[in-house]
Structure formats: structure tokens, C-alpha cells
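Visitor: I should like a close look at one part of this model, with each term explained as it comes up.

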Amino acid sequence: MVTPVTDTVAPRHPLARSTWRAPSRDARDTLFMLALIGWTITPHLFHLPLWVTGLSLVVLVWRGWLGWRQEPLPGRATVLGLLGLAAVLTFTGEKTLVSKDAGVTLLVVLMALKTLELRARRDALVVFFLGFFLVLTTFLYSQSFLTAVGTGVSVWGWLTALTLAHIPAGRPTIRQAAGLAGRAALIGTPVMIALFLLFPRIGPLWPSGNTATRTGLSDHLELGSVADLASDDSIAFRIRFDGRAPAAARLYFRGPVLTDTDGHEWRAQSLFGGRSPRSNGLRSVNVEQRGKPTAYEMTLEPTQLTWLSMLELTPPQSAGRGVDASQGVQALDGADVQPLADLDLQWRTRRPITQRVRLRATAWLDDRIVGAQPADLRENLALPPQFFPRTRAWARQWLHDHPGRPQQGQAIDVDGVVQSLYGYIGSGGFSYTLSPGAYEGDPVDEFWLDRKVGFCEHFATAFVVVLRAMGIPARLVTGYQGTDPDPVDGYYVVRQSNAHAWAEYWNPDRGWVRADPTAAVAPDRIERGRAIQPRPGFVGNAIDSLSPGMVERMRTWRETLDNRWKDWVLGYNRNSQFDLLKKLGVSTPDSDDLGRVLMTVISVAALFGAGAAWWDSHRRTPGQRQTRRLASALRALQVHGVQVAAHESPGVVAASLRRRFGTAADGLAARLESMERQRYGPAGDAAAPDWRGVKAQARALAVALATAARAGGVTPARASP
Amino acid sequence: MLPRESQTLTQRNIYIVPSRAGLAFCLTLLLLLVVSINYQLSLGFALTFLLAGSAAASMHMTHGSLRGLTLHLKPLVPAFDGDAAVMEMVVTNPGASRLGVGFGLDLGARPIPLAYAEIAAQGQTSVHLGWLAPGRGLHGLPLVRAESRYPFGLFRAWTIWRPAGQQWVYPRPESPVPPWPQTDVAQGDDKPAARTGAGTEFEGVRAYRRGDTLRQVVWKKAARTGEMISRETAGAVQREMWLQWGQAQGLDTEARLSRLAAWAIAADAAGHSWGLRLPNAELAPAQGAAHRHAALQALAAW
């Protein structure tokens, strides 16, 4: 029995009907929400299967069409059928329904299908909350600045949709709703900043298996995996040297050392475990000290891996040299990573690197690992029996044909053989390419003897196989080589595309010596430290032809921005929180201090809110303000029976004063009348109202009246007609 | 709660709690926070906290959309039994425009159905709220509730107002109007008809007055003197009509009241002078709206 009366329908111009019919408010709101859902799921479409894109798009367009035509929505059976289909497709594609990708796939499909159940605006709450969750899942894949801007638009849109749903009357424009939602978000921003800065950051509540995409080196290598990595232009880490940066050709970053092979795959020996016999032997790494130290600082991207790629060679503190505090690898900012090195100087952390970590370390570029155990060396000679028959034969033949072959009772001239192999690679028709095509059969045989087209990993593995076949202990080392040519904010950028593989062989006199066969075929790759670049796309080509170097410069700008973004926003962690507290004057900050500061800030903000509400509730219209001021200015006359009613303007009050008190009230009345002219008269008399004068005159009048009354005379009120 | 003629909404009489959607939103935020912590998503934290901040701001906006409004009840219009009694309220807004404020009457139904209004900045809007009174008589007004979930629906702010005033509900007039009671003149104590209007019986002459008909003019005299003279005549025989309880015999109480109400309205519409006689009350014959209301009120209260 409730009758809304304010809902009016604006009359439509008769001509307007024939050309374009504005959608009803419901249809408009629905279309807005569909567009918003489209915008929110767009970033997901790049990494989700194609059918998700298709299905979502079809459903959204279909729903939009139904909304536009105001036709009935499909029944529950259709929606459930589509959902079942999506679940089956997800399961066949992902083999599970609980992984991250599968979850996001289902979420996107669910979101699209939920629109088919969207009957009333207020029923849409599920969609709103699903929308906010979908925005969050975007961050599982990317947290770049661009993503932040895009999702910022999404959040604004969702708040706008939420606002539209709660203005049931009339036809508010989307711009109006967006303004209101934006205002709420803007008021909420200080709260966000305070919580972001001070909410205690804790580690994951439970281990999540497949967190983010892992890019980077791993403890095994199959031919082709480094090439995959090399086509990835994302940043692996940044490095800053204390002094001058060493030449690019000397910047080898040592990652996993791969010793064991089954013919196809090369594996690192398990670290920190008891399997390796070397744990019984040497307790510390033997490093031959040469040259000068190079101190550096590294900023690692969160790769979700435990591998570190330190500048060759970065020995641990226990390496037996004159120990000083600058040696070894130290995590800065109190990051909890505990870098550890093993005897092969592979560095690992105890836990995956889930946030940006800064490390400080000292390297000796000329150092070599010496003093290997015979058992270790035997492992570095092993070759799987059925593999590489032709390469082995070739190696024996080569050793036989070339100088440096072992004479009776003499050791091999290892360095000489390696040099001769360099010569073979340099002149043997090898070529270096990122996309050598797939190798079938025995990859090393095929590469070394037949096709001779390959990437650093092909050269390095073949090189190790050849050396082992000759009886020279050798192993494969993966890591990064070189940096971007110019530093950004003092940091040299090392990308995944700088990933590299090289070899190490054992020289009984010198220890483990690095051998990089890639340098023999593509010296440019090593000397300038330039990673192989995939060919730029069409747009890149066009920009580059207009302004040479533009693409490169734009990339530098983008990455500077990206670096700042990562430092200030993404890299903000527990340690940054404690630093902030230190700056605020807390000498030994802990979580309790964070909580205290946060509670203080929240209390102050709440007080502010209460104050604003109090102020708002005392807001008056100009008319109300004037009445109140008038009443308070004339309070002195209250005892003489002067009351100001809400509807009386200063002029009306003046007239009644004149009537009651006659000429005695002239001064006061004149002032009130001038006030009346100011407020209601023609423009031009724009002086501020003289409240003080009115008050003084009113007091004077009150005094005069009181004096007259005391004198026993006739009160002016009775004297005047 | 004392009944008031008007109510200004302030911190003292606006209540606010999170709505069910608000609680669901809270759970969503918790979920977002857990995911952000577990995947160490800095932007996830930012999103969660931005939403939390916006929700806190929306609480103030929800409260602010009611704060400062003044509700004022316009004079009540009596209703007939079975029809909706309509309360007209004027909502005065001293501040910025208010969107999504709903008004409803607390009649026991949950949720209370609301009529939404948009109140312009420093403007007034009238809101009509209808309700079905339980029967004829004089009834207290139901509680008025003004509610807002604007802008995000996460909080529900409301106020309750007991408007001062009482709603008359008259007996439902019988329809169609039954024939006039034949006994109206025959009743013994009927006084002689009052003569007031334009009749035919000659009584005297007087000067012409505007509005006299041509037939009233004494043309002979006018021709002789040039002055317009009118005859004064007696009006139509207008009896005072009495509507009486006994005239509606053979019916039950409510039907009798219905019939009397129908007669009263018909008599008033016909311009008769009529009186009402009930077993415990008597209304002297008269005419006009005030008389009609008095009679209908007497019937309603019987």
C-alpha cells in the first residue's frame, strides 16, 4: 500500500521515438554492468584458453541483447548446462579444478553466466562481489603499473554499478553515479594508504603450491629450455657495482651447475643433501684467490625460485680467505632468505623468493674453484652409454689428430685441446640462432656433426660431451651473461633473455676453468653482453623507422617507471614498514608497534569522520543562518519582548521595531534595513552585513529602554502609536 | 516515542547498522585479504584496503543521506473504510540532494515496503504513504520509517517517527446509493418548511437586486416608474431532512452505518439541509462540508 509519487516519467518528444529510443534505466544499467564485466575479464583472456574468451563474449553479448530488447532471460537449465560444459572443458584442459588457472577460468565463466541470472538490480550483489574478486585475481598474473591503472578503472566501475543499484528512484546518470562512487573512493583513499603502510605484513598463511609463474633457471636443462627463457624479455634482477662496472664480457652470473645427464636432460646434483660424496670430504670451498674484489648489490625479482645467480665467482664467507664482513652474500633490509652456497658455488635460498630481495655480495672475477676430490671428477666424466656414439668417436679422433694428445704417461694438455675445439667451432660452419628448430634423435650428435645450428645450450652441452669423451672432466653451468648496456637509476638490468649456458672443465693445475663455446661462434653475444633479441614486431619496426632508438628509449622510460613502482609499491614489505616506524621515532619496531600506530591512525580518522558528521548536521541554509544570527544579534532585546520568527527578514523585523519603539529604534532599524537591501535589493550593494553594528545597536536600545523603564516614565513601547 | 508533528533527523534519531550485503562484503574483504597475504600481492592489499576505506566512507554517506532531513505531516484526509488512508509528508532537505531515501509505514510486514524519493538540494518533496486502516473509527497513525542504503548498500540507516495525528476512517458508503427514506417528512415533529429561496408564492415587492430573474421583475411597475422592482417570493418548500437510525431497519449495524453514510453524502451533494439522529447522538440539520464531516465522524465513531 505504498505509493511512490516522485517517480516521474519525462514526456518524450514525439519525433525522438522514430529515430533512436533511449534504453530504459534497467537496460542501461545492465549494459553498463556487462561492459564493466567485459573490461574486468579482459586481462584474463590473454592467459586463459580460447574457449573461455569465446564463451564469455557470446554470453555477454547475448545478455546485452536480451537486456536491450527487454526479453526474458534463459531458464536455469540453460545456465546450469553451460556451467557444466565449462567445468568439463576446464577439467579436460587443466586436468584439475583446484589449480590457480582452473580457478580463474571457472571464475570468469561463472561471472559471465551469472549475468544470465541477473534479474533485478539489487539481486546483483553476488556479481558485485564476484567482480571485486575477479579484479584481485588479475594481480596473480601481473602487478605492473598498467595493470594497476586498468584495475583502478575496474574498481571505480564496480563502485559506480553498486551506487546505481542503490539509487532506485529517478534516472541518475552514470556520470552522476560515477562521481558519487569516486567521492567515496577518494574519501577512502587515506584509509587505504594508512592500512597499506601499516597493516602488518605477514608471510603466507599456508604454503600455496603453484603460486605465480616461475620464470628463470631451474635445476635441470633440456635442449630448448634456455631458448625459451631467452625469448622472455622480463627482468631477472638488477645489479649495481660499487666501483666501475666490469666489462660486459666478464659478467657471468653463475646459476645451477649441471653434472648428471641421461642423454637428453642435464641435472644439478641435489644440494644440501647427503647424496653427494663430497659432503664427506671438503668442508669448505677451495677458491684460488686472484685479482681484486668487486662489490655489488643485486635486486632480485620475485621469481618464486630458490636459485640465485651470483656474479662469478662469489665465494661464501667460509671460503678461507682473510675474512671480512663484506664477504659472502648478505640479504639487505633484513630479508629472510638465507643465501647458502655449496662446494660448486651454486647459491640457493632456503625458501622461494616471493618478494623483491636486495643482496649485497663481493665477487672475485678471476677466481677459480680448486681442490676437487677425485670422486667429484669421476662424476664429471660420466656419459650415458647409449648416447652420443658419433660425437664420442669424433672426439677420440680429434684428440688423436691434434696436438696436445696424451703421450705415454703424460697428462692431456687440456687448455690446448679446448683451444683447438674453439677453432673447430669458429671455422666448422657453426651458426648461432635462437630458433634452431627441433632436434630429433640424438640431439648432440645431430648438432655437433650434422646441422651445426644452435643456441648457447647446444654449444655448451656438445662441448661438455666432447670433453668428457676425451676424458677431461667437464660440466655444464647455466646462468646469465651480460646486462643491458646502460644503467637505469644506477642499476644494470639483467633480463631472462640474458640467460646463458657455458661449460667448465677441470685443469689439474688451475682448477675449474670456464669455457664458453658460444664466444667462439658469436663473440658479439659475449663481448657486448647483448642478449639475442627476438625480431621486433610490426609496430616496433614502424616506430623505429620513424625515430631510430625510440623503441629503446621508450623501453628505458617504461622500465624506470616500472622500477620505481616495484620499489615503492610492490616491494613494500615488512622491512619497509619497520623502516617507516624507525623514521617515526620507534627505536626497535615490532609488530605490536605497527598495530599501535595503525590503531592510533584509525582512531584519529574515526574522530575526523565523527567531526565531519557533526559539522554536517549543523549545516544551515543561508535563510536559516540569517534567522539564527538575527535572533542572536537581537538577544539583548528579548527581555523587551522582541522575538524573531523564522519567516521574518531583517526588513520586517525593522518595521516591527519601529512600530513598537518609535524613534528610539531608528538606528537599529536603519542597519537592519540596509541589511535587507544587501540581501534582497538590486545588485551593487555588496558590502558584508554589519552584524556587529546590529548587535551594538540592539544593546544600546535595550539599555535605553531599561533606563526609561527605571525612570518610571512611560515606556517607549506605550509611547509610540 | 512521543508523537511529533514533524521530525528533524539528527544523530539522535538515525540508527545505522551494516546490512546483510555489508556483512557479505566484509567476508569478501576477508577473502581478498587472505588471498593477498598468501600470494603476497601488494596490489591485492591495496585493493582490499581501498574497498575497506570506501566502505567506511560509504557509512558516512549513508548516514549523511538521512541527516538533516525534516519530515512534516500534512493535514490528514479522512478515508473511507476499505480505501487506503493516505498520509502526505513533506520532506525538507536543507543540504545537498539526497538520492535513494525510502519511506515506508511500519505495519508489521517485514521487510517494510519502501517508496523511494529523490530530494533535490535545499528542496522539498512530498511523499504519499497509503495504508489500510483496520476499520471505521479514529485511528492512531502507524510509525513512519525513513531508510537509506545509498550509496553502496553496505549499511542500512533508518529513523522511526511517530507522527502526531489521528486518522478518521468513515464507514464505507453503500453503493449504489439506496433510495431516500420515504418517512423523512412524515416524521411527526418535522418543523414547517423554511422559506428561503426562489419560489412562486407572492409575498411583496422590493428593489431589484442583481440576480433576480426576469420573471420576478414587476414589469408594469417598471414601465410606469422606470425603476426595476422585483417581487419577493417564497422559496421552494425545503424540508429539513432527517437521517435516522431507524430508517435503515433490517440491516446489521455496519450496513446501517454504510447506508446512513451514503445518504448523508447524497444529501450533502444535493444541497439539502439535513440532520442526523442516532440512538446516542443528534446533529442538528445543516449544510456544508463541515457538517458532512461531523456526521460521518459521528457515524464512524458510533
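Visitor: To set the scene, how many helices and how many strands are there in chain A? Then please show me the side of chain A that touches chain B, and above all how its helices pack.

Guide: Chain A has 25 helices and 19 strands, where helices (H or I, at least four residues) and strands (E, at least two) are DSSP runs numbered from the N terminus. Residues are numbered from 1 along each chain as its sequence is written, and chains are lettered from A and ligands numbered from 1 in the order in which they are written. The model is predicted: local features need pLDDT of at least 70, side-chain atom pairs count only at pLDDT 80 or more, and totals for chains, interfaces and linings use all residues.

Some background on chain A is useful first. Of its 721 residues, 35% are buried (20 or more other C-beta atoms, placed from the backbone, within 10 Å of a residue's own; 12 or fewer is exposed, in between is partly exposed). Among contacts (C-beta atoms, placed from the backbone, within 7 Å) in chain A between residues at least 6 apart in sequence, 73% join residues at least 24 apart. Chain B, the partner, comes to five helices and 17 strands. In chain B, 38% of the 302 residues are buried, and the share of such contacts joining residues at least 24 apart is 70%.

The confidence of the prediction should also be kept in mind. Chain A has a mean pLDDT (the predictor's confidence in each residue, from 0 to 100) of 79, and 84% of its residues reach 70 or more. Within chain A, helix α1 (residues 14-19) has the lowest confidence, with a mean of 43, while α8(A) has the highest, at 93. Two stretches of chain A call for caution. Over residues 209-214 of chain A, pLDDT stays under 50, and the model has nine contacts beyond four places in sequence for them. Residues 322-326 of chain A likewise stay under 50, with three contacts beyond four places in sequence.

Now to the part requested. The contact between the chains draws 59 residues from chain A and 61 residues from chain B. On the side of chain A, at least two residues each come from α6 (125-141), α7 (145-165), α8 (174-198), α18 (550-570) and α20 (591-617). Of the contributions to this side, that of α8(A) is the most, with 11 residues. Sorted by class, this side of chain A holds 40 nonpolar, 16 polar and three charged residues (nonpolar: Ala, Val, Leu, Ile, Met, Phe, Trp, Tyr, Cys and Pro; charged: Asp, Glu, Lys and Arg; polar: the others, Gly among them).

Two pairs of these helices deserve closer inspection. Two packed helices are described by the angle between their axes and the distance between the axes. Axes are lines fitted to C-alpha atoms, for helices over the stretch in contact, and angles run from 0 to 180 degrees between N-to-C directions.

Consider α8(A) and α20(A): their axes are 10 Å apart, at an angle of about 170°. This pair is therefore roughly antiparallel (over 145 degrees; under 35 is roughly parallel, 65 to 115 roughly perpendicular and the rest oblique). From α8(A), the residues A:Pro190, A:Val191, A:Ala194 and A:Leu198 meet A:Leu594, A:Val597, A:Leu598, A:Val601 and A:Ala605 of α20(A). The classes of this contact are nine nonpolar, no polar and no charged residues.

The pair α6(A) and α7(A) packs at about 175°, with axes 10 Å apart, so these helices too are roughly antiparallel to each other. Here A:Phe128, A:Gly131, A:Phe132, A:Val135 and A:Thr138 of α6(A) meet residues of α7(A), including A:Thr151, A:Val155, A:Trp158 and A:Leu162. The contact of α6(A) with α7(A) has seven nonpolar, five polar and no charged residues.

Two other places in chain A complete the tour. Helix α13 (residues 443-451) has A:Pro443, A:Val444, A:Asp445, A:Phe447 and A:Trp448 as its buried residues. Their cover includes α11 (389-401), β15 (453-454) and α14 (456-469) of chain A. After α13(A) comes A:Lys452, with a positive phi near 55°. Elsewhere, A:Val287 lies in strand β5 (residues 287-288) of chain A. A:Val287 counts as buried because it has 21 C-beta neighbours inside 10 Å. From A:Val287 to A:Trp512 the separation is 225 residues in sequence and 9.9 Å in space, C-alpha to C-alpha.
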